[in-house]
Each structure stands twice: as structure tokens, then as C-alpha cells.
Amino acid sequence: MQVSSPEGSLTILENVTFVVSEGEIVALVGPSGAGKTTLLALLAGLDRPSTGDVELCGHSLAGLTEDGRAILRGQHVGFVFQSFHLVSSLTALENVMLPLELTDTPDARANATEALVSVGLGSRTGHYPKQLSGGEKQRVAIARAFVTSPKVLFADEPTGNLDAASGDKVIDLLFEMNRKSGTTLVLVTHDKELAARCDRVLTMDAGRLVS
Amino acid sequence: MPAGWFRENFTVKSLQFAWRSLRRDFRAGELSVLLAAIVLAVASMTAVGFFTDRVGRAVRAQAAESLAADMVVRSTAEISAGYLGEAERLGLEAVSQFGFPSVAQSDSGSTLALVSAVSPGYPLRGDLRITDKLFGESRVASGIPGRGEAWAEPSLVARMGIAVGDSIQIGSSQLRVTQVLEYRPDQEMGFLSMAPAVLVNLEDVPAMNVVQAGSRVTYSQLYAGDDDELMQLRQFLNNAKTEQEQVRGAEDASEQVTQAIDRAQRFLTLASLVTVILAAIATAMAARRYSLRHLDTVALLKIMGATQSFIQNTLLLQLLLITLMTAVLGTLLGYGAQYVLAWILSELMSFDLPPANLLSGVLGLSTAATVAVGFALPHLLPLKTTPPMRVLRQDLPPPALSAGLVYLIALAALTAMIYSIVRDLKLLMYIVGGLMAMSVLSYAAGSALVRSLTRFRGGVGVAWRYGLANIARRGRESVVQVVAFGLGLMVLLLLGVVRNDLLEAWQQNLPADAPNYFMVNVQPEDWPGIASLLDAGLGEVPEFLPLIRGRVSSIKGVPVDEYTISSPEARRFVRRESNITWTPALPESNEIRAGKWWGESYSGDPQLSMEAGMAAMLGLTIGDPVGINIGGEEFVAKLTSTRFVEWDSLQPNFYLILSPGEVRELPQTYLTSYYVAPEQRETMRLLLQEYPNVTLIDLEAVLQQLRGVIDKASLAVQAVFVFTILAGVLVLLAAVQVTRDERRFESAILHTLGARRKVILQGIIAEFVALGALAGLLGAMGASGIGYLLAENLFDLEYHFDPLLWLFGLTAGAIIVGVTGTLATRKAVNEPPVKVLRNA
């Protein structure tokens, strides 16, 4: 796959072909600049490749507009980021309610509260992100990602900003959620231990899938 | 979830989502400055809108009352009774009135009185107020004087030294004064008709035997009723009326005042426009900041499935909600503020204001919409194109925003708004051009001031150096703040200080012996006596000018009714009677512009000299014949000169001056003006005692009154500009908000490097005090400049630069900006550095 950039056409990914099955946990590993994040963005439909295609939950992304891809994400995809991306002006509960409100799901508050309880933050619902620790923030993000029961969850370095103990807790939580709801997990990580716990590891280097 | 749910639930969902996020943003304080700015713009516009609407309606109602009817026909000859029949047929109320000057006599003296004889039903609009004794408590009269009765005005009762119950003689009739007439709606204003009035019953007139051929009499018929019928009657009268008959409606009576009100309204609205512009700048700054702070949130929403159109609609709905909320809130605030304006001006208005018309609230909505759409939307809308990739790549640039397009939209919104106020393309172009020139000029001046600060950086302490460096570093923002504040201060200084300076300069400019008394209504036979009395008391006899009441009846042989006059001022001039004089010598304060003065010994065919401006408006050139009607007598004079008239010379001045000749024989009185030293005032008392019929006007008292009026009016305008200062505060707050994160980070770093909190805070204080001082300097510069231009070009005065202006500008700017800026920034500086750096 090629991606065009403002500096001209740059070959960032090339000859990357793979299939992730439903319920599978896949780790994307490789050195910095290998193209992991770019690949993740393509898989989630955040960006478009110049050639080639991604099929997400039975839909070809190449045939969809930006809005079409957004709708597909809203229906089937959850995200967890390295830098959490919580909205600072919203409480933990409101952050988790956000995707439910977007899809106008009834009982958003009850569902979101339940999700926060399930990540062990039932007592912190009214707290703002700045009042939470890094690990807690990431758990809120996980609750937010799972509250819509997505089919696929993409996680970009979910433990990258956390200390080892909090990181382990977050990973345990992700795996547990995957077991409970059968969500497919695609993780980008530098953490070899974490990668080892996944069903499959895809290693990237210089824009190519090497194993 | 069904496919297509997004579109299906779109509207309700967008609205709910928009409302929810708006509430949350508001709670987080993200919207405070934006909302406050729009509310302020709306409040400033609606306060003026509500107030001028109230005054306008009061004045129009007053105008109808001043006719004592909805429509009046007046003539110097008897009016056909057929008109009354027609009015009755149309279902209108109608009464007759007959007025003439006559000498009223009693045992204790006599005086000239204006007799007004009316038929039952008078007045049709407004009320008569009467009282049982002089200065007694007045009440509304339930009818008109009965047969043989007279209701006399207080001045007549006082002048004649009579009491209620005494008799007076008018012509051959004896009438008993049964009431003191405190007020009648159509009483004449203006000092030339100050002969006191007597109201009598119309049926008593024939027995008086006073009306003979050539008497100066006025016949009137008054009508009142519904608009449609009045319109029909007007059409009937236009066809039927004779040359002498004039029809006047309330709208004619109010035309001049309405124009003045319209002008005042435009002026005040444009004044509040300055506030709107500053508030709009604050809005744009706040919207830009909002937009930058919400890039990540929007990217996140897109990750969660929000489409571009969903984001766009959410933003539009939010802006709509903001517009509605700010319009309501601002209008309420404006409604309250207009009471303050009404209170300031209450002493100047002799009438009660009607309640405010809520329709003026529409202005609030349009103001809010203009500011929101023109200044906030262009910064918010690009948010929708935020790439969702931003959640993975923070370094992605924010969506590009064409600066040119943003300014264009803002300018278009502003232009549309100004047009809706002035509704005049030419004026619109002047105002927009003027605003743009002012912006460029003040921006240039502001930049120069900000740049000049760098010079001081070497010679000051660390705190000041840090503060001044901050101003220089945020150059553009600093200039915007200096200009925003400077403009508000400039107007306040202009009205508060420069206005007084100009008035004082004008008074100093008058010669010490400038006339301070006007004497009018001098009867020809009294003139020699008065002249010798003045000679004895003042040591000189001032020049007496004859005064004739007359009106222009034809121009170049064409009757004025058929002559096309484009200037409203000139139209009004030919429609009413004006003061005319005749004199052999050109009066002192006049200068010939065209043609030739007739010379001191001239007494041939009548010649006319007209004020040059009026002659131009009437399309007259030297040699044109002008018909003049004086007391029913018609004669034609040739225009032989036009004059420049120095109206503010405090000398009697005239639009029309006739050459000596036949005019000597016409009915006339004399007037004069002269200077009375304080120790000579006794002479004035003696004069009034001996000649009670003359009217003396103390110019100093009039000037004092005028000054009072100007003071009140400027106070009201200043009140409007308080909003401008508040808008300046908002611009400052918006600017501080934009830099808050940066400031937090900076002071955390400085803390970490060992700077004490006190030093950092001193730096901040220094920064805002310096900014405020610059704004004050700019304001003082602008106010002095405008004051100078006004003095030199408009008032022809020598302008002295007032040091007080600079002192006041600097201090006010430094204090207001210093305090607000420091308070707004303090919190950012006081945060513990560890917390700031960890979250960065």
C-alpha cells in the first residue's frame, strides 16, 4: 500500500496483506517508523491508502466516503489510545456516555455507569480527567471503548504512558473484556511481554510485514 | 442497530447532542467570554433601540397633541362651513377656533393678549388645564369657557394685576375671568409669540366688534378621528381649499422633531456599533480559541462515528442556541439599561415616555445573529474538517482557515448590520469607509506604541522587562487590545474632557461685551422711551431692528406650493412664517457673498437679501423675483444679494432682509440685543416695570440651560459608551484566555528555574499596566486629535491641548487594564509548577 503525503507520494506500507479473524487478539509490533500506526489508521478507516483495500466487518473501506467510514466506525469499532484522549471538560461518566449519546442509545447514563463499574471505577464517575491518575484515565477510555459493544477494538500503545503496574492492570482488563464480549483486538505495542500474550503477533519493518 | 440510523435520527439527535455539549462547555467555562461578548453587543444595541423608540413615539404623540387635533385647517380668511359638514358626514369630530391679538383692559391696566375663541368640544386631542387662582393646583377642564367668561393665562393675570372673578374688556365686551388657564395643548412655543393668551367662547366674538378688515386673525377648523376618514377628509380639503387655507396633520407638525429623533437614533446606534465591533472582535478571538481547544474532541467524535455533516449541524445548532440565549439575555439587559438612559435624560423631557415596545427586541436577535454568524461561525465551522487521524498524530496541523475569507465574512456581516441601521447606501459607504480608515489608523498608532516599548526594556527591572517582553512578543494581540481599549477611552475622553474644553474655548472666544440680553416685542411707539431708558442706564443705545412676520409665497413667479424644493429644511422654511427685518445698513455679523447691498440711502423698489445657504437651497440667483406675504399683503422683491450669517454671534440674525421702503408701513415690532454689566441689571428691572409688554430674554440663563442640555445629552452618550469600555474588557479577557495555557507553562518553567512567584506576578502586573497606559495614550491622542479638528474646522476656535486629558487617559487605562488583566491571569500564574508540567 502507498500513502500520499504533502511531501509527495511516499511508500509507507507495501505488500501488507493479512486477515484477522473474529474474536482474535493480534499484536502489531516493530521499531519506531515501521508503519504500525499508519497501518492501524488504515485498518480503522482513519486514512485511505492510495492503492489496495481494507475490509472491515464485511465492508470494503475503499468504496466508502469519509462519512461512510465514520458511520461504520460508530457501529463496529472501539478505540483506546496511548494518550487516553479523554475530553477534559467532561466527567468520567460523561466521557463514557459520549459514544452512546452520539448513537442516541437509550439509557446512556445507566450503560455508562455499568461500564465504569466493570472497569473498577464505579466510585469515580463524577471525577474529571485531571482528577484521575494515568491508569484510571486509561480504564475510563477502555470503558468508553467497550460501552458500545464494538466488534473490533483498536488499541494504539495502550500502556505507553503508564507505569508497569498500571499497564498490567489495563492489559488484564482489555483481555478480560475481549473474553467477555468476543471483541476482536488489534494492539499496536512496543511491549514484547504484552505481544507474547496475544493470539498472533504481526511484526513490521520499514513498511513491510516481516512475520 | 439498523443501517442508516445516523441519518434517520439526525435532527433530534443533533439537537440533543448540541444542547448537551453546549451545557457542558458552558459549565467548563469554555464559552464565558464568547457568550458575554454577544450579550454585551446585544445589550448595547437594544438599550439604544428601546430608548430611542420610546422617545420617538412620545414625540409623535406630543406632536398630535400640539395641534389639539389630528388635523387642522388654518386660514387668514373665514373657512367654509361646508368643511365642517363634510367632516361630520365622515364621522369625524370637528370644532372651530378663531384667534386674534387684541388689547385686554381692566381697571388696573392693559396688555396685548392673544384671544383664542373656541367652540364646544375643543380641544380634540390633549386637555385644557385650569386652576381657580394664580399658581393654584391645576386640574383638567371638562369643557370650554361659558358665554361671557374668559380663561386667562397666568402671565396675563399677573401682568394686569387682576384676580379670578375680575372683569376684563376685550373690544366692546366685558368678560369675567373665571379660571386661570395653566395649559392648552396648542399653546405657541417660542418667545416671539409670548403675548399671553385668553380663551373665550366662540359665540362671544361677534359682540366684541374687534374684527375688522386687515386685522391679523387666524381662522381654524380642528378635526379628529380614524386615519381612514382623516385621509378622505384630507383629499377633500386638498381639492376644495383656497389659497390661504393650509392643512396640517400631526405628521407635518412632527416632521422636524421626527427628523431630529431619527438623527439622534442613528447617532446613538452608530455609537453602540463601536461596542458591537469590539464585542465582535472578542467573539472572534474566543471562537478561535474554542475551535483550537476542540480539535481533539472533534477528532475523537469522528473516531466514534460522527460524520462531517453531524459535526457541522451540531456546531450550527449550538450557534443557534447561543444566538437565541444571548439575544434574550442581552435584550433583557438592554431593556434594563434603557431605563438608566431615560433616567439621565428625564429632566430634559417635558413629557412622559410610553412603555418600551418589545418589538425593538428584534434588533437584539439580529445583532446576536450578526455577531455569531459573522464572527464566531467562520472560526467554528472549519472544525468539521478536523482529520480523525489527529487522535493518533497530534502534530497534524489544525484545519486551514483562509484569513481573507474570515475578514470578508466579518466585514459583510458588519456592513449588512450598518445598512439595516442607516438604510442609505451613500451613508453606508461613508461609515464603512470611515470605520476601515479608523481601524487602519488606530492599528498603525497602536503598533507604533507597542513597538516603542522595546526602548524601555533596557532600563527597567526584571519584572518590568518580563512584562514588556510579553507585550512585544504577542505583538498583534497586544495591538488589538490597545486599540480596543483606546477606542473606548477615546470616546469617553472626547465627551468628558474635550467637550468642556471646546465649550470653554467658545465662551472665551466671545468678546467680553457680547450681548447677554435680547429684547423683543418692542412696539414702535415705545421705542423712543426704551431707547432713552437704555441710554441712561447702559450709556449707549443698541441698534433696534424692525421685525415683521411673513412668509415666502412665490419663487421666480411660481407659487411655493408648486415650486420644487428638494431640501427638507428649505421646504419647512417656506411653509412657515419667519422673521423678516428691513434695514438700510448691513448688520455687523453679516457678510455679502453675492450681489450688492442696497446702500444706506436706498428706498426704491423692494429688494431682498437672503442667507446664502437658504438661497442656494431654494435655487435662487441674484436678480430672481421672490414673492413675500406679510399679514395677508403680497408683494414681490428682487433678490439683490446673498449673505453669510454668523449665527453664533449672539446678534439678531435673519434669513430674509428687505430694503427700506414700503415695508416701513407694515405692522412691525422691534428687537435688539445688548450687553448689560452685572451692576446695570437694575436698569432691566426698571425697563420691565415701565414697559411690561416687551419680552426680555436673559441669554446667560438660556446658555446655562443649553449647557445643561448638552451635559445631560453627553452623559447619556457616555452611558452608551460604558458598554464600549466593557467590550474592551472582554477583548482583553479573550486575549488573556488565548494565552492562558502558554502563560501557565511559562510561569511554571520560570518557577522551576527559581523565579519567585512575586516577581512573576509583578511581571504580569507590569505587562497589563503598560498595555493599559498605551491604550490610554492612544485614547488621549485620538480625543485630542478629534478635538483639534473639530475646533479648527467646525467651530473655528483655537484649541488648547489639555494635559488633564493625557493624565486621565493614562491613569484610567493603566488602572482598568492593569486590574482586569492581572485578575484574569493571576490564577494561571499561581498554579503549582509540578502540576502544570506533568499535564503538559
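Which residue of chain A forms a salt bridge with R27(B), and how far apart are the closest N and O atoms? In this structure, which is a predicted model, the partner of R27(B) is E94(A), and the closest N and O atoms of the two lie 2.7 Å apart.

That pair belongs to a wider set, since across the interface of chain A and chain B there are 5 salt bridges, and the count of residue pairs in polar contact between the two chains comes to 10. On the side of chain A that touches chain B, the elements giving two or more residues are α1 (36-43), α2 (66-76) and α3 (92-102), and of these α2(A) gives the most, with 7 residues. Sorted by class, that side of chain A has 14 nonpolar, 8 polar and 9 charged residues.

Let me turn to the extent of the contact, which takes 31 residues from chain A and 32 residues from chain B. The area buried between the chains is about 3,000 Å², and carbon and sulfur atoms give 62% of this. Within chain A, the residues that lose the most area to chain B are H85(A), E101(A) and L102(A), which together make up 21% of what that side buries.

Finally, a word on the cysteines. Over all chains, the count of disulfides is 0. C57(A), for instance, is in no disulfide, the nearest cysteine sulfur being that of C198(A), 19 Å away. Because a disulfide needs sulfur atoms within 2.5 Å, that distance is too far for a bond. The two residues also have their own surroundings: C57(A) is partly exposed, at 29% relative accessibility, whereas C198(A) is buried, with a relative accessible area of 8%.

Key:
Residues are numbered from 1 along each chain as its sequence is written. Chains are lettered from A and ligands numbered from 1 in the order in which they are written. This is a predicted model: local features need pLDDT of at least 70, side-chain atom pairs count only at pLDDT 80 or more; totals for chains, interfaces and linings use all residues. Side-chain values use heavy atoms; hydrogens and water are left out. Buried means under 20% relative accessible area, exposed over 50%, partly exposed in between (1.4 Å probe, protein chains only). Contact means heavy atoms within 4.5 Å. Buried area is the accessible area (1.4 Å probe) that two parts lose on being put together, summed over both. A salt bridge is a side-chain nitrogen of Lys or Arg within 4 Å of a carboxyl oxygen of Asp or Glu. A polar contact is a pair of N or O atoms within 3.5 Å; within protein, one must be able to donate a hydrogen and the other to accept it, and residues adjacent in sequence count only if both atoms are side-chain atoms. Helices (H or I, at least four residues) and strands (E, at least two) are DSSP runs, numbered from the N terminus. Ala, Val, Leu, Ile, Met, Phe, Trp, Tyr, Cys and Pro count as nonpolar, Asp, Glu, Lys and Arg as charged, and the others, Gly among them, as polar.
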